[in-house]
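Thanks for coming, everyone. Let me put the model on the screen, and then I'll walk through it.

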Amino acid sequence: MTEMVHIDVVIDEHYEDPLVAIHTKSRSEQVENIIHAVENAANESFPPIYVYSEERIEPVLQREIFRIRTEGRKIFLDTQDASYLVRETLARLEEELDTQRFFRISQSEIINLYKVKCFDISVYGTIGVEFDNGLRTWASRRYVKALKEKLNKVG
């Protein structure tokens, strides 16, 4: 395998937003680096979310977030490996998040659609959400219609 990357740019008036497709034999470190570079270039207008961890404040990139949720009166941000305290309101965070990537599924939770493994529609009136890391949650009935509409636009 060569380390060279071949790039084809196709101008097509049917695409409103750019579409990037990677054709490769297998997922490798090089492919991951390309994905990372494209995401960073495309999402540079979306700031990281600052979280609190013990005596530190740390930035978390939006692409690393699985979900943001309320628990009691506190807001938590979940990533692959950890849960962090956030000192912003859910509504304020929603304003900063990439609307293509994030979606509110209840009064107390916003999910990253890019981290969802599957949606469970077997229970009438609601939608279960399973993330890539095995975490599960449910959309409240109030948000089901909007979530289905969002998924139809994505899919």
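I'll go from the overall layout to strands, salt bridges and a pocket.

Ground rules before that. This is a predicted model, so local features need pLDDT of at least 70 and side-chain atom pairs count only at pLDDT 80 or more, while totals for chains, interfaces and linings use all residues. Residues are numbered from 1 along each chain as its sequence is written, and side-chain values use heavy atoms, with hydrogens and water left out.

Start with the layout. The chain has 3 helices and 10 strands. Helices (H or I, at least four residues) and strands (E, at least two) are DSSP runs, numbered from the N terminus. Reading from the N terminus, the order is α-β-β-β-β-β-α-β-β-β-β-β-α. The C-alpha trace spans about 50 × 45 × 30 Å along its principal axes. Of the 155 residues, 32% count as buried. Buried here is under 20% relative accessible area, exposed is over 50%, and partly exposed is in between, with a 1.4 Å probe and protein chains only.

Now the strands. Take β4 and β5. A hairpin of 4 residues joins β4 to β5. The two strands pair antiparallel over 4 bridges. Pairing requires that DSSP finds at least two bridges between two strands. In that pair, Leu77 stands opposite Tyr84 of β5.

Which side chains of β5 are buried? In β5, residues 83-86, Tyr84 and Val86 point to one face and are buried. Ser83 and Leu85 point to the other face and are not buried. In general, side chains in a regular strand alternate between the two faces of the sheet.

Back on β4, look at Phe76. Phe76 counts as buried, at 18% relative accessibility. Phe76 and Leu90 are 14 residues apart in sequence, and their C-alpha atoms are 9.4 Å apart.

Next, an open sheet. There are 3 strands, in the order β8-β9-β10, with antiparallel pairing. The edge strands are β8 (116-120) and β10 (136-139), and each pairs on one side only. The twist averages 25° from one strand to the next. For angles, axes are lines fitted to C-alpha atoms, for helices over the stretch in contact, and values run from 0 to 180 degrees between N-to-C directions.

Within this sheet, β8 and β9 (residues 127-131) pair antiparallel over 4 bridges. Phe119 stands opposite Val129 in β9. Ile127 sits in β9 too. Ile127 is buried, with a relative accessible area of 1%. Ile127 and Lys150 are 23 residues apart in sequence and 13 Å apart in space, C-alpha to C-alpha.

On to charges. How many salt bridges does a search of the whole structure find? It finds 12. The criterion is a side-chain nitrogen of Lys or Arg within 4 Å of a carboxyl oxygen of Asp or Glu.

Three examples. One is Arg67 with Asp78, at 2.7 Å from N to O. Arg67 lies in β3 (residues 67-71) and Asp78 in β4 (residues 74-78), so the pair ties together parts that are 11 residues apart in sequence. Arg67 is buried at 11%, and Asp78 is buried at 6%.

Another is Glu130 with Lys117, with the closest N and O atoms 3.7 Å apart. Glu130 is in β9 and Lys117 in β8, so this pair links parts 13 residues apart in sequence. Glu130 is buried at 14%, whereas Lys117 is exposed at 56%. Salt bridges that share partners also join Arg67, Arg69, Glu71, Asp78 and Glu109 into one network.

The third is Arg56 with Glu58, where the closest N and O atoms are 3.7 Å apart. Arg56 counts as exposed, at 54% relative accessibility.

Last stop: the second largest pocket. About 950 Å³ of space lies in it. Pockets come from a 1 Å grid over the protein atoms alone: an open set of points where a 1.4 Å probe fits, with protein on both sides within 12 Å along at least five of seven lines. Grid points are joined across faces, edges and corners, and the volume is the space filled by probe spheres set on the points.

Which residues lie nearest the centre of this pocket? They are His6, Ile7, Asp8, Val20 and Ala21, out of 24 lining residues. A lining residue has an atom within 4 Å of a point. By class, the lining has 15 nonpolar, 5 polar and 4 charged residues. Ala, Val, Leu, Ile, Met, Phe, Trp, Tyr, Cys and Pro count as nonpolar, Asp, Glu, Lys and Arg as charged, and the others, Gly among them, as polar.

That's the tour.
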